[in-house]
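Trainee: I'd like a close look at a single part of this model, please. Take me through it slowly, with the cut-offs as they come up.

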Amino acid sequence: IQPLIQLLLSGTDKDKVAATGALLKLSMMGMSKVLVAQQGGISPLVKILEIGSLEAKKNAVMALKNLCMQKENKELVVKADGIPALVSMMQSGSEHVKMNAAGALEFLTSNINNESTSGIASPLIKFLNKGPENGRNIDIINAVVSESGAIPLLLKLMESGSANSKITAAGVIRNLCANDENKVIISKECGVIPLIGMLQTGPEEGKSKAAEALWNLSLENESNISLVGKEGGIRPLIQLLRTGDEDGQMNAERALKCLASNMDNKMAMGLEVGTEALVKVLRSEEVLEKKFPKRRKGIRWGDKMKMCVVIVCYLLQAKSVTDKICQLLPKRTIKQEEQTIVKAVPESAPSSSSSETFNMKSLFKSKNETLLSKQK
């Protein structure tokens, strides 16, 4: 590895192409990822992104992407000013280079072990000198990526890049949305529009990432909650809830639950017949278990059902959809549905107004009486 690194530092252009190609192959092997970084290979690779030939840059950006998969290497990439170099490749590189640069940023900004990174506000110098708290500081990395001007380039890549580039860019935006300051930047850059476009026409993986990005973007942000609804995000999220894969359905549930705190969004969900899809999910636990026998660790289907019930409770507060839900419930089993839902959620569902309360038992009682009278 050391001779290859020396070629990167002092070899000819031809030598640098050969050396970056060899390091690229090494970066694809598990243990070699650690060895290349430990022997000082990251900084010369970053330097190649700045002054190397096109072929050497192509090899170097792919090698850095592979090295960023290793959590221990993230700090070294930041120390070597790798983030601005990768962002520069997204601006001036070929389509293939742009995709791999975005891939490196996606690995850098991801929280591999799903550890909480909220509330971290340490200066970047502390991160560089002492190492990140608990092994990594994703919030700070995300801030550096944003400050390097990556967000507009990522959004542009989502609109005009190749299919794989769009998916990768959506993954980076999803990760960056976990930062409150980035939420503001993304909304100002009209980032909601390409995310909704990905929901409408993207592949399954892209749709799932876009739904999770919209969920992150809307969390504790009333302005973005309203914006997603106004830009037409409700319909594709409901469609994903109906027909998406396991991850897509889960992320659509989360996003819809968050968006349902806005009254206009509740009405939009009713108009898009979102209640029908949610009730189907509520009444299909057995079908879902057969379809997805390998459950994700830490997620119980019962909890997913309760999440759907909460969304339905929000929707029920919109008067126009109460009849829709009761029509979907079979008349002969409405008592069973009443007991199931009343056990799963509190007496009063969350309301957009503190003066409003919603009583599940009274609603089902009145609707039950109406249905029985119609039967008679």
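Mentor: Happy to! Let's begin with Asn221, which counts as buried because its relative accessibility is 15%; buried means under 20% relative accessible area, exposed over 50%, and partly exposed in between, with a 1.4 Å probe and protein chains only. The model is predicted, so local features need pLDDT of at least 70 and side-chain atom pairs count only at pLDDT 80 or more, while totals for chains, interfaces and linings use all residues. Residues are numbered from 1 along each chain as its sequence is written, and side-chain values use heavy atoms, with hydrogens and water left out.

Asn221 sits in the loop between α15 (204–218) and α16 (222–230). Helices here are DSSP runs of H or I with at least four residues, numbered from the N terminus. A polar atom of the Asn221 side chain lies 2.9 Å from the backbone nitrogen of Asn224. In space, Asn221 and Leu259 are 10.0 Å apart, C-alpha to C-alpha, with their positions 38 residues apart in sequence.

Now step back into α15, where the side chains of Glu205 and Lys209 meet in a salt bridge at 3.4 Å, N to O. That term means a side-chain nitrogen of Lys or Arg within 4 Å of a carboxyl oxygen of Asp or Glu. Glu205 and Lys209 are four residues apart in helix α15, so about one helical turn separates them. An α-helix has 3.6 residues a turn, so residues three or four places apart point the same way. Glu205 is partly exposed at 47% relative accessibility, whereas Lys209 is buried at 9%.

Glu212 in the helix α15 reaches further along the chain: its side chain forms a salt bridge with Arg174 at 3.9 Å, N to O. The pair links distant parts, with Arg174 in helix α12 and 38 residues separating the two. Glu212 is partly exposed at 21% relative accessible area, while Arg174 is buried at 16%.

Arg174 has another partner, Glu106, with the closest N and O atoms 3.4 Å apart. Glu106 lies in helix α8 and Arg174 in α12 (residues 163–176), so this pair ties together parts that are 68 residues apart in sequence. Glu106 is buried too, at 13% relative accessibility.

Put together, Glu106, Arg174, Glu205, Lys209 and Glu212 are linked in a network of salt bridges. By this rule, the count comes to seven salt bridges.

Technical notes
A polar contact is a pair of N or O atoms within 3.5 Å; within protein, one must be able to donate a hydrogen and the other to accept it, and residues adjacent in sequence count only if both atoms are side-chain atoms.
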